[in-house]
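Let us walk through this assembly together, one piece at a time. Keep the view open and turn it as you read.

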There are 4 protein chains.
Amino acid sequence: MKEQIIATCTQLFEQKGFRETSIQEIVEELGVTKGTFYYYFSSKEQVLMMIHTKYIDHLLLQQAEIMQNKQLTNKDKLRALIRMLFMNIIPNGDQARVFFREFRHLKDEHMKEVRAKRNQVRHAFENVLREGMDSGAFKNDLEPDIISLGILGACNWSYQWFQPGGKYLDTEIADMFINMIYTGIEQEANKGG
Amino acid sequence: MKEQIIATCTQLFEQKGFRETSIQEIVEELGVTKGTFYYYFSSKEQVLMMIHTKYIDHLLLQQAEIMQNKQLTNKDKLRALIRMLFMNIIPNGDQARVFFREFRHLKDEHMKEVRAKRNQVRHAFENVLREGMDSGAFKNDLEPDIISLGILGACNWSYQWFQPGGKYLDTEIADMFINMIYTGIEQEANKGG
Amino acid sequence: MKEQIIATCTQLFEQKGFRETSIQEIVEELGVTKGTFYYYFSSKEQVLMMIHTKYIDHLLLQQAEIMQNKQLTNKDKLRALIRMLFMNIIPNGDQARVFFREFRHLKDEHMKEVRAKRNQVRHAFENVLREGMDSGAFKNDLEPDIISLGILGACNWSYQWFQPGGKYLDTEIADMFINMIYTGIEQEANKGG
Amino acid sequence: MKEQIIATCTQLFEQKGFRETSIQEIVEELGVTKGTFYYYFSSKEQVLMMIHTKYIDHLLLQQAEIMQNKQLTNKDKLRALIRMLFMNIIPNGDQARVFFREFRHLKDEHMKEVRAKRNQVRHAFENVLREGMDSGAFKNDLEPDIISLGILGACNWSYQWFQPGGKYLDTEIADMFINMIYTGIEQEANKGG
DNA sequence: TATGAATGAGCTTTCATTCAT
DNA sequence: TATGAATGAAAGCTCATTCAT
């Protein structure tokens, strides 16, 4: 039941927005009554928090695996992190959209908690960049914090536009972005023009 | 008065969100009564639409200037477009955040109108990329539509994190992004590693 | 201007109802501003009262002519009164419908005034009936008050259903009603069946 | 509760009018809160519709019994229909007055529905008249549609004036009207004068 | 004569939440 | 576990009316 409620809420929050989805609609969709909802959750916000937790925890788990893998170079890691972002946004569009869009409806303490975890993701990017700069893999004049935000923006923005069944697969898009980020878009022979 | 209402609404919508800002709060902030609000606007949504129109129309104006400037190469134009995005997001943070966050509260017809204009911006990026590819300025294996979305994501995302008075100026950030997008982050001597 | 306001109000009150017509709509229809309306009338109700006065005073005038005409028998008078009702309802449909439908929105003192005048009309019917009964023109076992109400009902009800341009002229309908009221609908040869 | 709300609304709508009765007044009268009202009904108009449905459906039921009764001649049926109108208006004054006065506040689809049912009543009158004309019970030069409207007007109008506890019983009034409608008011010996 | 900005009270409706069962 | 009646606060919006100009 708890899982069912979360699933239904994810869908509805995605379609109509957190604020615009009423408990009434949720329980009607589920075919139960309001009482049932409040038996399992103490508020609508709690469900929203669970959706957030689920999403970000899953991300952090994958991130940890990447970061701890000693076989990977920093370049490999960055590639893997970027792919990770796409692999979470694209096949779980509903969750991702709720995650990115409804964040502000969390209550203060929950917001802090989620923000801290989002920062962990950002720091992973920063760390990989920094280490890659030190090792000579990446240019040594980058500002890792800003570049991280650029990469995150490029990738996360896809929650707004990616439509499954479009021209490209999610993996293809990830690779195009990696390419752009690694080598830029300028024609070699024509640098600086 | 109309301008005052828009200004106050921009602030409040930014701080609390469109849905969470009540007419009561708006008029209290302004020191007038509800009647006054509805004398100037027929609904809260109408104010939201005005904020959107203002933002996007200003953007389109600047974009037109860039695109029509025959002195600029495609590389120049892309640089100018990127700077344009930042220059609109960063000094007008409130407006920009309302623009990006509250879009979904526009009513259908208004949403369509704004979406069409947002698409014009996207198409400008696509066109510059495509022409730059043809002229040999940019790599010839890019997918201009996807790359545009990447660039837009990287830049627009800044509405979420940029804080005036931070470590870098807006122009500095724009340049870092342009650098990344043009030449990538890989160390030359170490390509492909 | 005063006349124009009354005319427009009559139309609008008829179409939408007194309560549902806003001052805003009235002045928009007239192409003036609210101030103008309140320059000529002190309230919306006052306009309604004028519409009522106009209608009922006109009726009373015609009624007085009929009642004072010494050439007419009581039968003639009753016929004339019935025709009078139709001739006022049918060519002035809007006024009549406002008169019958919006009466309750008059304020107490106005209501009393109009009610008194409506009673005068009713009493004319009663008097003609009573005198006609005395003179042997009408059956002598009628209850004039009740019969008056029956006649008034039959006639006034037409404000609800009469549509100009229909199958019958207003005068034809008046005559059918007079016929029914005078001689009934039973077939002579078949009385009491 | 639902029944209680309908009963209270009927009373209040009768006294003050539909538009003039606020939800606040309704729930205060009932000693509950607004929430309760909206738990049982989705709008004020819905209650109005229920009052209408109740009234007209009851009427149609009685009408069906009359029309299907093969023991009755057409004259009998017309008498019964007329009595039916009075028997519904007079002991249920509140309901009847709401039915006749507040019809226009129904929303379009509900209005249509009720209008269709009101037309059924009218058609019953027309049919009885027509058949009675064919069988020789009624004069053969009547226009059944117009005569029906006359009869309906005479009877229905009583919602405006009948006061329980007056000089006559409702049945007495019905009989006076039947008499007038069947045989007219002219003195036999004095026809045509 | 006419304007139009401003008022303020009131309206219908929504909704997250509670709680006795 | 689950129900569903009831709450109460607040929301967006309407509108007749006023009044300085």
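A good place to begin is with two protein chains that stay apart: chain A and chain C share no contact, and their closest C-alpha atoms lie 30 Å from each other. Chain B and chain C do not touch either, with 12 Å between their nearest C-alpha atoms. Please keep in mind throughout that this is a predicted model.

Now look at chain A on its own. Chain A holds 10 helices and 0 strands, so to speak of its pattern is to read α-α-α-α-α-α-α-α-α-α along the sequence. Its C-alpha atoms fill a box of roughly 65 × 35 × 30 Å along the principal axes. Of the 193 residues in chain A, 35% count as buried. If you take the contacts in chain A between residues at least 6 apart in sequence, 69% of them join residues at least 24 apart.Next, turn to where chain A meets chain B. Here 36 residues of chain A are in contact with 36 residues of chain B. Which elements of chain A each supply at least two residues of the side that touches chain B? They are α8 (144-156), α9 (158-161) and α10 (170-183) of chain A. Among these, α8(A) gives the most to that side, with 8 residues. By class, the side of chain A that touches chain B divides into 18 nonpolar, 12 polar and 6 charged residues.

How are these two chains related? Chain A can be laid on chain B by a turn of 180 degrees and a shift of 0.0 Å along the axis, with an RMSD of 0.1 Å. The two copies are therefore related as by a two-fold rotation axis. The same surface serves both copies, since 100% of the contact residues of chain A recur in chain B.

The other pair of touching chains to visit is chain D with chain C. In this pair, 36 residues of chain D are in contact with 36 residues of chain C. On the side of chain D that touches chain C, two or more residues come from each of α8 (144-156), α9 (158-161) and α10 (170-183) of chain D. The largest share, 8 residues, comes from α8(D). The residues on this side of chain D divide into 18 nonpolar, 12 polar and 6 charged.

With the protein contacts in view, follow the DNA, starting with strand E. This strand is surrounded by 31 residues, and the closest are A:S22, B:G35, C:G35, D:S22 and D:Y38. The surface near DNA strand E takes at least two residues from each of α2 (23-30) and α3 of chain A, α3 of chain B, α3 of chain C, and α2 (23-30) and α3 of chain D. By class, that surface has 10 nonpolar, 15 polar and 6 charged residues.

Finally, which residues come nearest to DNA strand F? Of the 31 residues around this strand, they are A:G35, A:T36, B:S22, C:S22 and D:G35. Two or more residues of the surface near DNA strand F come from each of α3 (34-40) of chain A, α2 (23-30) and α3 (34-40) of chain B, α2 (23-30) and α3 (34-40) of chain C, and α3 (34-40) of chain D. The surface near DNA strand F divides into 10 nonpolar, 15 polar and 6 charged residues.

Key. Residues are numbered from 1 along each chain as its sequence is written. Chains are lettered from A and ligands numbered from 1 in the order in which they are written. This is a predicted model: local features need pLDDT of at least 70, side-chain atom pairs count only at pLDDT 80 or more; totals for chains, interfaces and linings use all residues. Two residues are in contact if their C-beta atoms, placed from the backbone, lie within 7 Å. Helices (H or I, at least four residues) and strands (E, at least two) are DSSP runs, numbered from the N terminus. Ala, Val, Leu, Ile, Met, Phe, Trp, Tyr, Cys and Pro count as nonpolar, Asp, Glu, Lys and Arg as charged, and the others, Gly among them, as polar. A residue is near a molecule or strand if its C-beta atom, placed from the backbone, lies within 6 Å of it. A residue is buried if 20 or more other C-beta atoms lie within 10 Å of its own, exposed if 12 or fewer, and partly exposed in between; C-beta atoms are placed from the backbone. Copies are superposed by least squares on the C-alpha atoms of residues with pLDDT of at least 70 in both.
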